[in-house]
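This report describes the fold, the strand pairing and the internal spaces of one protein chain. Please consult the sequence and the model shown below while reading.

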Amino acid sequence: MLKVTNITKSFGEFKAINKLSFEIKIGDVMGFLGPNGAGKTTSMRVITQFLKPDSGSVHINKININDDPIGSKSLIGYLPEGVPLYQDFSAYLYLKYVAEVRNLENVEEKIQNILLDLQLDDIKDVPIETLSKGYKRRVGLAQALIHDPKILILDEPTDGLDPLQKFEVRRLIKDLSKKKAIIISTHILDEVPEVCNKCLIINNGEKIFEGTPAQLKKRKGKNLDEVFRELVVTNEKIFEGTPAQLKKSKSKSKSKKSVKVFRGSPQ
């Protein structure tokens, strides 16, 4: 569904992303992890076409997003970390505005469904500026979902929510994943095994782990917080592949300080 291939993005001399690649399909919920400044937000902005990469490509349904930018955007729902909301609008008016901009059909039905799914019906007519951080976050999530996209990219979706609200959003994500491909950027590592079947960790703009949360925990024999800290501090990289690929990788990285752990078969 979504294939990211060797995307690189620099700001002046600072390289925010360096040849990042991954792929997700319908049914996947990928936890996108990394310390602050690792390149997560930049990566998501490239995928959603808010930024253009220096090199590399992004394909949705095997179509390069540059070849069909409008069509590809219609397949993506994006919740940025600081979602821009019209503060003087009510939640209902804001969602109606978003639906009309997207030229959706059956607008009233879609709005009512999303208000109920995210427990916003009771405050739908309240000005957004008076809402709590948790409610504002849910309104932002609602705008990402209202057009029923195939791909969801969520930056800290449970930030500011109370425990009950977090449980409901996680439940919703699980339900949505049956028909969508989802990327979740989060600093709450407990969320990863709760809702994710894949895990991607980046540091300094480079991928240092890709696999399942269970594989990561089993590999290191520690809880996810400890594993995350160790990988980020050492910049250790875990690869999957053949001995030939390992040899090639080592030859390219002799001058680097990072430790690389190989995992593969003796083919």
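## Pairing around strand β1

In this predicted model, Thr-5 stands opposite Ser-57 of strand β4. The two strands concerned, β1 and β4 (residues 55-60), are antiparallel and share five bridges. Strand β1 also pairs with strand β2 (residues 14-24), again in the antiparallel sense, and here seven bridges are found. Within that second pairing, Ile-7 has Leu-20 of β2 as its bridge partner. Strands β1 and β2 form a hairpin with two residues between them, and Gly-12 in this hairpin adopts a positive phi near 65°.

Ser-10 belongs to strand β1, which spans residues 2-11. When neighbours within four places in sequence are set aside, the contacts of Ser-10 are Lys-15, Ala-16 and Asp-54. The C-alpha atoms of Ser-10 and Ser-55 are 9.8 Å apart, although 45 residues separate the two in sequence.

## Overall composition

The protein chain contains 10 helices and 12 strands. Of its 267 residues, 48% are buried. The exposed surface of the chain comes to about 13900 Å², and 51% of this area is supplied by carbon and sulfur atoms.

Contacts over long sequence distances are a further feature of the chain. Among contacts between residues at least 6 apart in sequence, 63% join residues at least 24 apart.

## The six-stranded sheet

Six strands form an open sheet in the order β6-β7-β8-β3-β9-β10, and their pairing is mixed. Strands β6 (76-79) and β10 (206-211) are the edges of this sheet, each pairing on one side only. On average, neighbouring strands of the sheet are turned by 15° against each other, with direction ignored.

Within this sheet, strand β7 (residues 151-155) runs parallel to strand β8 (residues 181-185), and five bridges join the two. One of the residues involved is Leu-154, whose bridge partner in β8 is Ile-184. Helix α5 (residues 133-145) lies across β6 and β7, and runs at about 165° to β6.

## A largely enclosed helix

Is helix α1 (residues 40-47) enclosed by the rest of the structure or open to the outside? Six of its eight residues are buried, so helix α1 is largely enclosed by the rest of the structure. The buried residues of α1 are Lys-40, Thr-42, Ser-43, Met-44, Val-46 and Ile-47. After α1 comes Gln-49, which has a positive phi near 70°.

## Cavities and a pocket

Two cavities of 30 Å³ or more are counted in the model. The largest cavity has a volume of about 60 Å³. Its lining consists of Asp-117, Leu-118, Gln-119, Arg-138, Gln-165, Glu-168, Val-169 and Leu-172. Helix α6 (residues 163-176) supplies the largest share of this lining, with four residues.

The second largest pocket has a volume of about 810 Å³. Its lining comprises 24 residues, and those nearest the pocket centre are Phe-50, Tyr-78, Val-98, Arg-102 and Gln-143. Elements α2 (69-74), β6, α3 (91-101) and α5 each give two or more residues to the lining of this pocket. The greatest contribution is that of α3, with four residues. Helix α5, which lies across β6 and β7 of the sheet, is thus named here among the contributing elements, as is strand β6.

## Positive phi outside glycine

Where does Gln-119, one of the residues lining the largest cavity, lie in relation to the helices? Gln-119 is in the loop between α4 (107-117) and α5. Its phi is positive, near 55°, in a residue other than glycine. The relative accessible area of Gln-119 is 41%, which makes this residue partly exposed, since partly exposed residues fall between the limits of 20% and 50%.

Glu-156 likewise is not a glycine and has a positive phi, of about 55°. Glu-156 is found in the loop between β7 and α6. With a relative accessible area of 9%, Glu-156 is buried, because buried residues are those under 20%.

Definitions and conventions. Residues are numbered from 1 along each chain as its sequence is written. This is a predicted model: local features need pLDDT of at least 70, side-chain atom pairs count only at pLDDT 80 or more; totals for chains, interfaces and linings use all residues. Side-chain values use heavy atoms; hydrogens and water are left out. Buried means under 20% relative accessible area, exposed over 50%, partly exposed in between (1.4 Å probe, protein chains only). Contact means heavy atoms within 4.5 Å. Accessible areas come from the Shrake-Rupley method with a 1.4 Å probe; for residues, only the protein chains shown count as cover. Two strands pair if DSSP finds at least two bridges between them. Axes are lines fitted to C-alpha atoms, for helices over the stretch in contact, and angles run from 0 to 180 degrees between N-to-C directions. On a 1 Å grid over the protein atoms alone, a cavity is a set of points where a 1.4 Å probe fits but cannot get out, and a pocket is an open set with protein on both sides within 12 Å along at least five of seven lines; lining residues have an atom within 4 Å of a point. Grid points are joined across faces, edges and corners, and a volume is the space filled by probe spheres set on the points.
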